[in-house]
Amino acid sequence: MTEHNVKNLNHVVSLLKNNRDSLIEFFTTNEFPLEVLQGGRDMNKSIYYYDFLKPNLSIKNQVLKNIVTCSYVTYMNYTIFVPKIHIYKHRDVLPTNEIYEKRHLHRKFYGDPTYLRIHFPITDCGNDCFMIYDKLKCTWNRGEVYVYDVHNCEHEFWNNSDKPFAVLLIDVLTGNDQ
């Protein structure tokens, strides 16, 4: 089992929980330059949309700016999963390509550190949107904070609803030279 130092994680979680309503309002009332990502090796060629927020220091929301500028927040994006998508069983890897290295600066300097990923749902799709994680079915409620070790544990995702599922994803460094 991986050891995690949760001090950094707790700081980000408290920022999200304490500013839940303003963050949901920000994401539901602003447009983002979403890029399209066609399903890759672990997906069923479905499309989903994302915006990398970590390198974007011109974010207008002060809470998000406070999160983005934390040195232990190595990745943050806003993702919209289209209806009827299934992302097959996988682990979220820390790629070694140059673009991703810039978003995971700690990996470049310290090797393979330990991360936990925060999920902060912006929309709610009820039980039709879920992840199988460590053999458990996990659903999300809008504005709640969920934490998973998606880098070390296989998981798969479904949005069986007729609505898009929007979620803020944040990787927090929790071990190895943080």
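This passage walks through a predicted model of a protein, from its overall make-up to one of its strands.

The protein has 178 residues, and 52% of them are buried. Its secondary structure consists of five helices and ten strands. Among contacts between residues at least 6 apart in sequence, 73% link residues at least 24 apart. The accessible surface amounts to about 9400 Å², and carbon and sulfur atoms account for 49% of that area.

A good place to start looking closely is strand 9, which spans residues 155-159 and has five of its five residues buried. In a regular strand, side chains alternate between the two faces of the sheet. Here, His155, Phe157 and Asn159 point one way, while Glu156 and Trp158 point the other way. Residues on both sides of strand 9 are buried.

Strand 9 also has two pairing partners to explore. Strand 4, covering residues 85-90, runs antiparallel to strand 9 and is joined to it by four bridges; within this pairing, His86 has Trp158 as its bridge partner. Strand 6, made up of residues 129-133, is likewise antiparallel to strand 9, with five bridges between them. Here Tyr133 is matched with His155 as its bridge partner.

Confidence deserves a look as well. The average pLDDT of the protein is 77, and 70% of the residues score at least 70. Over residues 39-45, however, the pLDDT is below 50, and the model gives this stretch 15 contacts beyond near neighbours in sequence. Residues 95-111 also stay under 50, and the model has 31 contacts for them beyond four places in sequence.

Note on methods: Residues are numbered from 1 along each chain as its sequence is written. This is a predicted model: local features need pLDDT of at least 70, side-chain atom pairs count only at pLDDT 80 or more; totals for chains, interfaces and linings use all residues. Side-chain values use heavy atoms; hydrogens and water are left out. pLDDT is the predictor's confidence in each residue, from 0 to 100. Contact means heavy atoms within 4.5 Å. Buried means under 20% relative accessible area, exposed over 50%, partly exposed in between (1.4 Å probe, protein chains only). Two strands pair if DSSP finds at least two bridges between them. Accessible areas come from the Shrake-Rupley method with a 1.4 Å probe; for residues, only the protein chains shown count as cover.
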